[in-house]
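This briefing goes through the fold of one protein chain, topic by topic. Please keep the sequence and the model in view while reading.

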Amino acid sequence: MLFHFHNLQSYLRAAGMLTVLVTVYAIQYEIQAQAESNNEVVVASVNDDRIFEQPLLEELNLLAGDLAMNSPEYQRLRKQVLTSAIQRRLALAYLTQIDQAASADDIQLGVIQLEKRLALKQQSIEEYLQEKHINREELHHRIAWQISWPKYSNQFLNDKNYENFYLRNRSQFDGTQLQVSQILLHTNQQQDRTLVQTRELAENVLQQLSKGIIEFPDAARKYSDSPTGKTGGAVGWIKFGGAMPRTFNEAAFALKPGQISPLVETPFGIHIIRVEQEKAGAISWQMARPAIRDAMIKYLLTFLSVNGRKMATVEISEGWK
């Protein structure tokens with residue numbers, strides 16, 4: 001076939017533009033396929049309810065900020081987001097068992113309502129999923145949770161139960177202060193012993209204390225890695241919602257003056273706590289309502305997930321264990 005020179009140039013230019021367009025579309029397709037692939041990576045499952053990696057990474061990035069991925073705090077947050085995702089699915093499993101969970105029709109209606117809201121913004125459901133970095137299965141889970149959790153929890157989150165919860169756990173909400181001492185054994189900063197050796201040492205120290213072989217101040221001076229060890233472990237006065245880690249506070253406020261806690265693990269290490277004195281507070285349940293509500297939500301979630309675990313199979317991928 002013969003081409004005029006002018007037509008040949010036009011053909012080559014057109015062919016070149018076509019090549020560029022094909023390349024651009026190929027790159028866009030690859031990017032989209034990669035995103036969709038990330039959305040399909042399963043890191044854990046609770047029965048048949050799968051947990052996908054991409055939503056966890058999105059949440060983790062928001063929490064971790066500029067933290068180094070190999071830092072203990074980043075790894076703690078990584079474990080936290082997975083634990084929360086598993087807890088929600090365990091809770092849903094139990095709510096399904098007691099007929100308190102959203103039905104398939106409820107979820108489908110939720111999807112339809114979402115599509116109508118998106119249409120007002122001229123956005124499709126597919127565009128929404130890409131924006132949120134989730135797939136349809138994750139979307140259905142989120143809608144199920146948004147329907148099921150309020151349906152269950154609103155039965156209990158009322159003033160009568162707030163007051164009863166306050167009376168059962170008064171020292172956590174009325175401003176009570178405890179004077180505490182501790183023995184702290186570091187698990188991350190200690191270089192001359194392994195984590196297993198640290199736990200064994202902590203158990204040994206606790207046994208010595210329980211048998212009266214050694215007094216608490218002497219044990220703190222001998223074993224504690226905290227600077228408070230030099231003063232016999234004296235930490236000072238604490239409140240339940242104060243600066244100490246929550247697990248530390250929960251253990252301390254379960255004790256009476258003179259009592260010693262079991263081993264308590266926090267990001268700082270393994271603690272043994274003794275309560276020295278107690279000062280009662282005077283904050284009423286009405287004034288403490290927000291804190292009581294938060295505590296009741298945690299209590300209800302724990303109750304649901306513990307019961308859900310009795311009837312559920314939980315599997316976690318090796319990369320997230």
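Strand 3 (residues 177-185) and strand 6 (residues 269-279) run antiparallel and are joined by nine bridges. The model is a predicted one. The points below start with the sheet that holds these two strands, then turn to the other sheet, the helices, the nonpolar cores and the chain as a whole.

**The four-stranded sheet**

- Along the pairing of strand 3 with strand 6, Leu-184 stands opposite His-271, a residue of strand 6.
- The sheet as a whole is open and has four strands, in the order 4-3-6-5, with antiparallel pairing.
- Strand 4 (234-239) and strand 5 (264-266) are the edge strands; each has a single partner strand, so one side of each is left without a neighbour in the sheet.
- On average, and ignoring direction, neighbouring strands of this sheet are turned by 45 degrees against each other.
- Helix 9 (residues 195-210) packs on this sheet and touches strand 3, strand 5 and strand 6, its direction making about 35 degrees with that of strand 6.
- Helix 10 (residues 216-223) also packs on the sheet, where it touches strand 3 and strand 6; the direction of helix 10 makes about 40 degrees with that of strand 3.

**Strand 3 and its pairing with strand 4**

- Is strand 3 largely enclosed or not? Seven of its nine residues are buried, so strand 3 is largely enclosed by the rest of the structure.
- Strand 3 pairs with strand 4 over five bridges, in the antiparallel sense.
- In this pairing, Val-180 stands opposite Gly-236 of strand 4.
- Gly-236, which is found in strand 4, touches Leu-178, Gln-179 and Val-180 when residues up to four places away in sequence are not counted.
- Gly-236 and Gln-182 are 54 residues apart along the chain, and their C-alpha atoms are separated by 9.9 Å.

**The three-stranded sheet**

- A sheet of three strands is also open, has the order 2-1-7, and is paired in the antiparallel sense.
- Its edges are strand 2 (49-52) and strand 7 (314-316), each with a single partner strand, so one side of each is left without a neighbour in the sheet.
- From one strand to the next, the twist averages 20 degrees.
- Strand 1 (residues 42-46) and strand 2 run antiparallel and are joined by four bridges.
- Within that pair, Ala-44 stands opposite Ile-51 in strand 2.
- Helix 3 (residues 72-97) packs on this sheet, touching strand 1, strand 2 and strand 7, and the direction of helix 3 makes about 160 degrees with that of strand 2.

**Helix 4 and helix 6**

- Two packed helices are described by the angle between their axes and the distance between the axes.
- For helix 4 and helix 6, the axes come within 9 Å and cross at roughly 105 degrees.
- An angle of 65 to 115 degrees counts as roughly perpendicular, and helix 4 and helix 6 are therefore roughly perpendicular to each other.
- At their interface, Asp-106, Ile-107, Gly-110, Val-111 and Leu-114 in helix 4 meet Leu-139, His-140, Ile-143, Ala-144 and Ile-147 in helix 6.
- Why does Glu-138 count as buried? Glu-138 lies in helix 6 and has 6% relative accessibility, and buried means under 20%.
- Leaving out residues up to four places away in sequence, Glu-138 touches Phe-52, Pro-55 and Arg-89.

**Nonpolar cores**

- In soluble globular proteins, nonpolar side chains tend to be buried together.
- The largest nonpolar core here has 33 residues, of which Leu-139, Trp-149, Phe-173, Ile-292 and Leu-304 touch the most other members.
- At least two residues of this core come from each of helix 3, helix 4 (104-120), helix 5 (125-132), helix 6 (136-153), helix 7 (159-168) and helix 12 (289-309).
- Apart from its neighbours within four places in sequence, Leu-304 is in contact with Leu-90, Ala-91, Tyr-94, Leu-95, Trp-149 and Tyr-152.
- A second core is separate and has 16 residues, including Tyr-74, Ala-85, Leu-90 and Trp-320.

**The chain as a whole**

- The secondary structure of the protein chain consists of twelve helices and seven strands.
- Of the 321 residues in the protein chain, 36% are buried.
- Among contacts in the protein chain with a separation of 6 or more, 67% are between residues 24 or more positions apart.
- The protein chain has an accessible surface of about 19,700 Å², and 54% of this belongs to carbon and sulfur atoms.

Terms used
Residues numbered from 1 in each chain as written. Predicted model: local features only at pLDDT ≥ 70, side-chain atom pairs only at ≥ 80, totals over all residues. Heavy atoms only, no water. Pairing = 2+ DSSP bridges. Axes fitted to C-alpha atoms, helices over the stretch in contact; angles between N-to-C directions. Contact = heavy atoms within 4.5 Å. Core = buried A, V, L, I, M, F, W, Y, C linked by side-chain atoms within 4.5 Å. Buried < 20%, exposed > 50% of the residue type's maximum accessible area, 1.4 Å probe, protein only. Areas by Shrake-Rupley, 256 points an atom, 1.4 Å probe, with all protein chains shown as cover. Parallel < 35°, antiparallel > 145°, perpendicular 65-115°, else oblique.
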